Amino acid sequence: MLTLVLAVSWLQLRAQSGLSTYADAKTGYRLSYPLSWQVYQADGQTGTTVFYVGDDWRQAPAAVTLTIRSLSANRQGLNLLTAGEPDSIRQRILRLPEGQVLRLQPNDGGYFQEVRYDYTFTPPAAGRTFVLGRRLWRDGYEFELEYRASAEQTPRYRTVGRQLLESFVLIEQPRAKRSALPRNQSVAVVNPNQPCDDKMYGIAALRAHDGLWEDDCRTIHEFSSRDLSAPPKIHRRVLPFQSYALAKGFDNCLYSVTKAPSDQPELVYRYDPATRKGGYTTWRLPAQGPENVWISAATDERGDLYFMTSDGNLLVKVSPVTDAVQTIWTTDPVQRAPYYKAIGFAGAGTHANFCLDDGGTIYRVYSTDGALLQVNLATRRAAPDLIPLDGLPERGGYSDLLLQTDAEGQRRMYLAGPKALYEVDLARRQATRVRRGTYTDLAGCNVFKAPVAPISPAATPPAAATWRGRVLDAVTRQPLPQARLQFRTNGTDTAVPLSAEGSFSANVAPGAAYGVRAQLSGYLSTDSLLTMPGGAYERDILLRPLAVGMTLPLKNVQFLQGQAVLLESSFPALDQLVSLLTTNPGMTIELRGHTDNVGDVQKNKVLSEERTAAVKTYLVNHGIAAARISGIGLGGTEPRASNAKEATRQLNRRVEFRVTGVN
């Protein structure tokens, strides 16, 4: 193993963001950790550093361990991803007591290779332990980082632990390439393996003028994605028009178009943040249609720019290399999605603000509640389900998405909300507030390999990937070979067979969105939406056993304000409950209606009873016997959160169901 040289090769740098930077120039890496954490450097030749909470690293409630090893001579020069390292990590996890793989994902970063993995296990005489891990290989060295905490401590420290792991960067100096740019513009040098100058931008929706807030939409805020809490650099009113749409090109310049509903062809404007100068390009977008505006823009993996109208019916691509302007579609593909009626009715918010990933998926956000939509750019098909997000405190005003890719290939998604910017964890469907601000559109380079002119056809992605895993009991971690597992893509359901050990192996299309459902009598069904990475992917599926007394929320069940009339957006969640009751014919439930504390107490109780009855009626109309369903209206007597603010009061307006019988 490698001895870490502390005198010169590593530096610790204090940062105003509450983080310290730990770096080693000899082996070529750096990471950031919280100032409140401690660092333990192992003596001798162990090459181990521990970042931990508390006073003693050996008894820390949460810790991240970095271990650096020299590769043996017979492993140097190999592609360890194809030489069996992912399977070796998998087998090591499964040999642990009650070991369960939550994620195992290889990644070839070009100048390095790595495997990211999450798992849980139960050490002897200890509680269940949660582990996040990364193992990387470069230049004859292996870097292993693992965050560990007990299952009880994990909710408290997991986010910080994951951020520490993701901050780990291998430092290198690759050859620079020239970025292809519009004609008659200077060429910027872009590093193909590092983030696109680490800057993000947003169009400020408001500005303070003479002590009052007024519409802006011309000022651009510039901030670093590595520290979104820092004050932004202000490019004050640099756009010659008000705009909702902003994209960042591979030349590190910004591209925008007016939000005026002119229904006339519009020129794209180019602004250079480095020189603070701008001017119109020769690119002319087509007429956007009556009562429409250009509402969002984004960049793809080739540096092409995309612009979409507010109704989603017009998507246009601009190529900076060839100056070509191409219409991608003239009818919104989301109109064919099963959920469209719930978001496309008259008076609904827009669902056209978007970003792109490098697998050809368009992510879009529904402005009313922040739910996400997915569209395959190549097939023009929408994924079958919306992706609701937890952690968003307000309804209305969700205005854009941005995907960033860090130097290790890890995606970060940002969501512009009504008063703040959020980071989205897609796997957990969780949004976390990261800074204040109201922005009409976000811009950044979500991929960092610059094209060269002329552009050759895009590389063909792998034709197939493999997902391996097991279906397990969430409590005992025992396999459930009797479960029914289905994948859904492009409107087609495919049954996935399970072995006697409850394991499965399925070929999937990289970059495609799959709806995944696992069902078994006596268990809660699981429904999730996953976009598959390329290569090998490992993740187990947990089914939670039904138990009398367990209470579960009916997410996204909503009513007309002050009434007991269900909105169409409630139907998917209620259909899932119908499916659960059908799969478990001996199951009985009690519906529980809740309100906030605003208004008359007795009226709130009556309203909660009426809403509970409306849900029961829906279930009975879909084939569930009325005798299996009881109901109670509790008004505002059992709040989940504070009633002091509207942002938390809405958490108290809900319908739940409690399991009263399982036979």
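# A chat about cores, sheets and buried side chains

Colleague: I've just opened this one. R116, buried or exposed?
Modeller: R116 counts as buried, because its relative accessibility is 6% and the cut-off for buried is under 20%. Keep in mind that this is a predicted model.

Colleague: Where does R116 lie?
Modeller: R116 is part of strand 8, which covers residues 113-121.

Colleague: And which side chain does R116 join in a polar contact?
Modeller: The one of E114, at 3.3 Å.

Colleague: OK, on to histidines. What about H351, buried or exposed?
Modeller: H351 is buried too, since its relative accessible area is 6%. H351 isn't in a helix or strand, though: its place is in the loop between helix 3 (340-343) and strand 27 (353-356).

Colleague: What does H351 touch, leaving out residues up to four places away in sequence?
Modeller: Counted that way, H351 touches D332, V334, Y340, I343, R364, V365, Y366 and L373. With D332 there's also a side-chain polar contact of 2.9 Å.

Colleague: Changing topic: how many residues are in the largest nonpolar core?
Modeller: That core has 26 residues, and L554, I589, V615, L619 and F657 are those with the most contacts inside it.

Colleague: Which helices and strands supply at least two residues each?
Modeller: Helix 4 (571-583), strand 45 (588-594), helix 5 (601-621) and strand 47 (654-661) each do that. Helix 4 gives the most, with six residues.

Colleague: You named F657. What is F657 in contact with, neighbours within four places aside?
Modeller: F657 is in contact with M550, T551, L552, L554, L577, L580, M587, I589, E590 and L591.

Colleague: What does the second, separate core look like?
Modeller: That one has 25 residues, including W37, V64, F112 and F130.

Colleague: Back to strands 45 and 47. What's the strand order in their sheet?
Modeller: It's an open sheet of four strands, in the order 44-47-45-46, and the pairing is mixed. Strand 44 (551-553) and strand 46 (629-633) stand at the edges with a single partner strand each, so one side of each has no neighbour in the sheet.

Colleague: By how much are neighbouring strands turned against each other?
Modeller: By 25° on average, ignoring direction.

Colleague: How many bridges join strand 45 to strand 46?
Modeller: Five, and the two strands run parallel. One pair you can look up is G593 with its bridge partner G633, in strand 46.

Colleague: Which strands does helix 5 lie across?
Modeller: Helix 5 lies across strand 45, strand 46 and strand 47, and runs at about 145° to strand 45.

Colleague: Now the early residues. How do strand 5 and strand 6 run?
Modeller: Strand 5 (residues 48-52) and strand 6 (residues 62-70) run antiparallel, joined by five bridges. V50 stands opposite T65 of strand 6.

Colleague: And how many bridges does strand 6 have with strand 10?
Modeller: Nine, again in the antiparallel sense, with strand 10 covering residues 141-150. Over there, T67 has E144 as its bridge partner.

Colleague: Last topic, helix 1. Which residues of helix 1 are buried?
Modeller: Helix 1 spans residues 85-94, and its buried residues are E85, P86, I89, R90 and I93.

Colleague: Why do the buried residues line one face of helix 1?
Modeller: Because, looking down the axis of helix 1, they fall within an arc of 145°.

Note on methods:
Residues are numbered from 1 along each chain as its sequence is written. This is a predicted model: local features need pLDDT of at least 70, side-chain atom pairs count only at pLDDT 80 or more; totals for chains, interfaces and linings use all residues. Side-chain values use heavy atoms; hydrogens and water are left out. Buried means under 20% relative accessible area, exposed over 50%, partly exposed in between (1.4 Å probe, protein chains only). The arc is that of the directions from the helix axis to the C-beta atoms. A nonpolar core is a set of buried Ala, Val, Leu, Ile, Met, Phe, Trp, Tyr and Cys residues joined through side-chain atoms within 4.5 Å. Contact means heavy atoms within 4.5 Å. Two strands pair if DSSP finds at least two bridges between them. Axes are lines fitted to C-alpha atoms, for helices over the stretch in contact, and angles run from 0 to 180 degrees between N-to-C directions. A polar contact is a pair of N or O atoms within 3.5 Å; within protein, one must be able to donate a hydrogen and the other to accept it, and residues adjacent in sequence count only if both atoms are side-chain atoms.
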